[in-house]
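Me: I am new to this structure and would be grateful for a short guided reading. May I put some questions to you?

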Amino acid sequence: MVFAVFAPLIFAIIIPFISRFKRKIHTGWLILPVPLLIFIYFLQFVGRDFSTIMQSTNWIPSLDISLDFYLDGLSLLFALLISGIGTLVVLYSIYYLNKEEQLGHFYTYLYIFMSSMLGVVLSDNVFVLYTFWEFTSLSSFLLIGYWHYREKSRYGALKSMLITVFGGFSLLGGIILLTIVTGTTSIQEMVSKSDLIINSEYFLFILVFLLLGAFTKSAQFPFHIWLPDAMEAPTPVSAYLHSATMVKAGIYLMARFSPIFSEVPLFFVLLSIFGLVTLTWASYMAVRQTDLKGILAFSTISQLGMIMAMLGFGTTYGVFAAVFHILNHATFKGSLFMIAGIVDHETGSRDIRKLGGLMTFMPISATLAVFGTFSMAGVPLPFLNGFYSKEKFFESSLHLEGSGTFVEGLITAAPIIAVVGSIFTFVYSMYLFFGTFRGEYQESELPKKPHEAPIMMLVPPAILVLGVILIGLFPNFFNHVLISHSADAVYGDSVTKKIKFWHGWDSRAFQMSLVVISLGVLLYLTKSKWDSIYSFLPGPLSFNRVYDWIVEKVESVSNRITTFYMTGSLRLYMVLILTTIIIITASTLVFTGGMNFDVNDLAPITTAEIIIATIMALGAIGTTIAKNRIAAILILGVVGYGLSILFVMYSAPDLALTQLIVETVTVVLFLLCFYHLPNLESGTKSFTKTGTNLLISTGYGLLMMLIGISAYNSRFAETISTYFMENTYKLGGGHNAVNVILVDFRGIDTLFEIAVLFGAALGIYTMIKLRQDKGAK
Amino acid sequence: MNRPNDLILRTTTQLIAFILLGFSVYLFFAGHNAPGGGFIGGLMTAAAFILMYMTYGFEKIEKILPLNFRILAVTGLLIAVLSGVGSFVFGEEFLSHSFGYFHLPILGKTELATAMIFDLGVYLVVVGITLTIILSIATDSHEDPYEDAGV
């Protein structure tokens with residue numbers, strides 16, 4: 001099983017090498033056996049006496065993450081769909097894409113996707129599941145943007161990426177919470193510990209995060225907007241990812257986790273409400289599309305909503321119908337996408353207004369399309385599988401259980417919404433078929449003269465249609481070997497349902513079907529009269545506008561924030577830095593009670609000190625108001641020399657000497673440099689600027705003073721100086737404590753200080769000597 | 001390059017520069033037991049050199065004192081580091097110093113400390129970098145070549 005999951009990934013590495021031989025043979029042929037073999041491998045598990053299988057491989061044991069693959073009915077159904085339709089899609093793409101395209105890229109992306117999708121449905125470890133989940137988003141992004149030179153492809157790819165990754169991220173949040181609550185990373189163990197999850201304080205977050213993940217991936221309302229734009233992808237991709245497999249990942253997730261939430265009505269209510277809303281909204285939206293793939297995209301959204309709603313009903317009827325419809329939808333929608341691709345390929349247009357009367361040119365495609373569209377519409381014929389699952393859907397909507405006003409309201413509304421959604425489904429299905437293949441042939445509108453597709457291109461949709469018919473004719477065979485196991489896995493208990501075609505005239509579900517068909521026919525025949533309403537209603541309610549608005553606003557607002565404070569003005573940055581320091585430090589000082597103004601430990605102040613301090617203060621003030629740079633530097637020197645006198649008074653002769661010489665050197669250097677600079681601005685500065693400067697500098701000075709006083713008065717430990725005083729001569733062999741500390745006790749500081757000086761000198765030297773001439777720029 | 005007639009300055013400089021140099025050497029050696037040390041000594045030596053540059057001009061001093069101050073700084077840094085590395089030879093940690101008393105021919109009983117070697121490194125670095133900085137800025141010939149070699 002591990003090998004089956006990773007085989008496409010391994011081949012994805014090889015594909016670029018074998019795609020070099022594409023001159024002779026289409027790359028698709030060479031790698032076609034991979035999904036086929038996987039399909040055959042999974043086929044061996046199908047049967048009446050099905051039992052679950054678990055395989056583990058270590059990955060990150062320290063984090064309790066291992067490659068656990070778990071095969072039950074649900075995973076098996078999905079694995080078969082992924083590998084089976086994958087095979088057909090590869091076969092189809094061989095004829096769809098010609099050898100001039102970058103086939104290596106295409107198949108690499110496709111096989112990465114296949115591998116990750118198999119990983120999603122087979123993983124038992126939530127983190128492995130998440131890893132594969134994001135891989136599907138990533139490969140889907142690459143596939144949608146396959147024709148990257150088209151702007152719409154890039155737009156669609158970005159949109160689907162943003163939305164699905166947003167959902168994927170919230171899914172990650174959900175599974176992390178799940179892991180914290182249950183202490184395990186295995187889904188099966190989580191199911192057995194569902195009490196812990198339901199009663200935990202994070203329950204609501206878990207629920208919302210998981211739902212967001214599933215709804216974005218499965219294009220549920222209001223996150224459905226990425227799917228129609230993803231139709232810019234090549235048609236094999238649309239057929240595979242955006243109808244049969246990836247968009248069902250969210251449904252898979254909900255189905256997989258529904259046993260955990262089986263006690264929580266909220267989960268099911270949310271699921272069914274969003275499912276029903278998606279169903280009706282998307283089926284309504286599908287009617288007004290003019291692009292073949294646009295119709296199919298909204299149709300997919302609406303069918304996904306239907307499956308989600310059935311899962312949400314949470315009854316045995318609902319679960320069974322949901323699982324059954326997953327299979328049915330994959331078969332007919334895959335074939336319809338392929339036929340849409342064929343029509344596009346052979347006529348050069350996908351616009352349904354330009355198409356028409358293609359039946360005489362493309363009889364085989366038209367025949368295949370009949371089965372697909374009629375099955376989608378749920379026309380009651382015994383060889384269309386869509387009818388069975390639609391019937392089950394109506395039935396399940398009638399068999400809702402639960403109490404509470406809200407749930408009861410839902411119980412009443414569900415059948416009505418289901419019927420309304422199905423009417424629109426019927427209308428667009430008919431429109432899709434009759435608009436394309438019947439009616440008038442418009443020769444002038446089409447860029448190519450239509451003709452039938454090559455036989456091999458018709459084989460994949462034909463096989464899918466064969467699936468539609470076989471499931472329609474022998475539903476109970478599929479039920480016994482596959483669907484019932486799958487439904488058991490979702491429901492967590494044995495679900496036995498018989499599938500019957502004929503329930504009798506008095507069956508409510510059949511009556512609902514009749515209503516759908518009669519109203520649907522009526523609506524379709526009078527469609528031209530409603531067109532104005534169709535084009536009017538969703539206009540301002542379109543969620544694309546919301547998405548575009550959000551994307552545009554995120555960009556412009558963050559841009560505005562950045563330009564607001566990143567002005568390039570050093571003054572502003574200084575203001576921000578100093579204000580931050582003042583606010584943080586001052587509040588820390590105040591709130592932690594760090595202020596300490598004890599004056600008992602102070603030495604007496606002498607007159608000489610006062611005089612020097614006054615001179616220094618005057619010098620400092622003088623520097624700020626000097627109008628000339630040279631003057632400012634010289635006045636600043638007063639402060640420096642004053643300081644060295646203070647050092648003398650506090651008996652620090654080394655410091656005094658150093659300070660004296662360093663001050664002299666600094667003043668000399670300043671004079672050297674500033675000699676070349678222009679005078680200070682003499683113009684009057686704005687009052688607010690000067691005001692803020694004054695405020696900040698005063699505040700900063702005051703703060704430092706407070707910190708100094710408080711620090712002086714709060715001594716927590718003995719000073720180390722007594723040790724130095726005692727040991728300077730004993731250990732260092734010198735009488736000058738300062739110097740012994742500098743070169744002996746703490747010599748390494750001095751070593752690096754001279755290294756710093758050396759670096760500075762080197763910097764100045766290079767800046768001056770190696771500077772480029774202005775003319776050489 | 002018109003230099004003013006500054007006879008008094010030149011004459012006094014001859015004297016003062018050597019007093020400064022001598023004082024700086026004193027400061028350097030006195031460092032271990034009295035105020036002074038490599039840093040101050042180095043700065044003082046640099047001050048003496050700067051005085052000479054100011055008085056006699058850049059080219060003349062360069063002839064008299066053919067020193068490359070950048071190499072001087074590198075040498076100082078090297079001595080400082082090696083004085084630290086030297087302690088490894090005696091199985092001690094980096095920058096461990098030791099001292100002892102020796103009878104030298106002229107000075108009699110003298111204290112010699114390995115810390116002095118480190119201080120010598122500091123001294124040379126300070127002399128080297130101070131002069132490198134000041135000379136590079138002072139002789140910056142970018143806009144007006146050899147405007148004035150001195151300050």
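Me: How far apart do the end C-alpha atoms of residues 35-55 of chain B lie?

Reply: This is a predicted model, in which local features need pLDDT of at least 70 and side-chain atom pairs count only at pLDDT 80 or more. Residues are numbered from 1 along each chain as its sequence is written. The UniProt annotation "transmembrane region", from an unreviewed entry, covers residues 35-55 of chain B among others. That span is 86% helix and 0% strand (helices are DSSP runs of H or I, at least four residues; strands are runs of E, at least two), and its end C-alpha atoms lie apart by 29 Å.

Me: Which helix of chain A gives the most to the largest nonpolar core?

Reply: A nonpolar core is a set of buried Ala, Val, Leu, Ile, Met, Phe, Trp, Tyr and Cys residues joined through side-chain atoms within 4.5 Å. The largest has 194 residues, and A:Phe42 is among those with the most contacts inside it. With 17 residues, the greatest contributor is helix 16 (residues 316-347).

Me: Between which domains of chain A does this core lie?

Reply: Both domains give residues to the core, so it lies between them. They are domain 1 (1-263) and domain 2 (278-535).

Me: Is A:Ser19 buried or exposed?

Reply: A:Ser19 lies in the loop between helix 1 (2-18) and helix 2 (27-31) of chain A. Buried means under 20% relative accessible area, exposed over 50%, and partly exposed in between (1.4 Å probe, protein chains only). Because its relative accessibility is 11%, A:Ser19 counts as buried.

Notes
Chains are lettered from A and ligands numbered from 1 in the order in which they are written. Side-chain values use heavy atoms; hydrogens and water are left out. Domain bounds come from an automatic or database domain assignment. UniProt positions are given in the numbering used here, feature names are shortened, and annotations may be inferred rather than shown by experiment.
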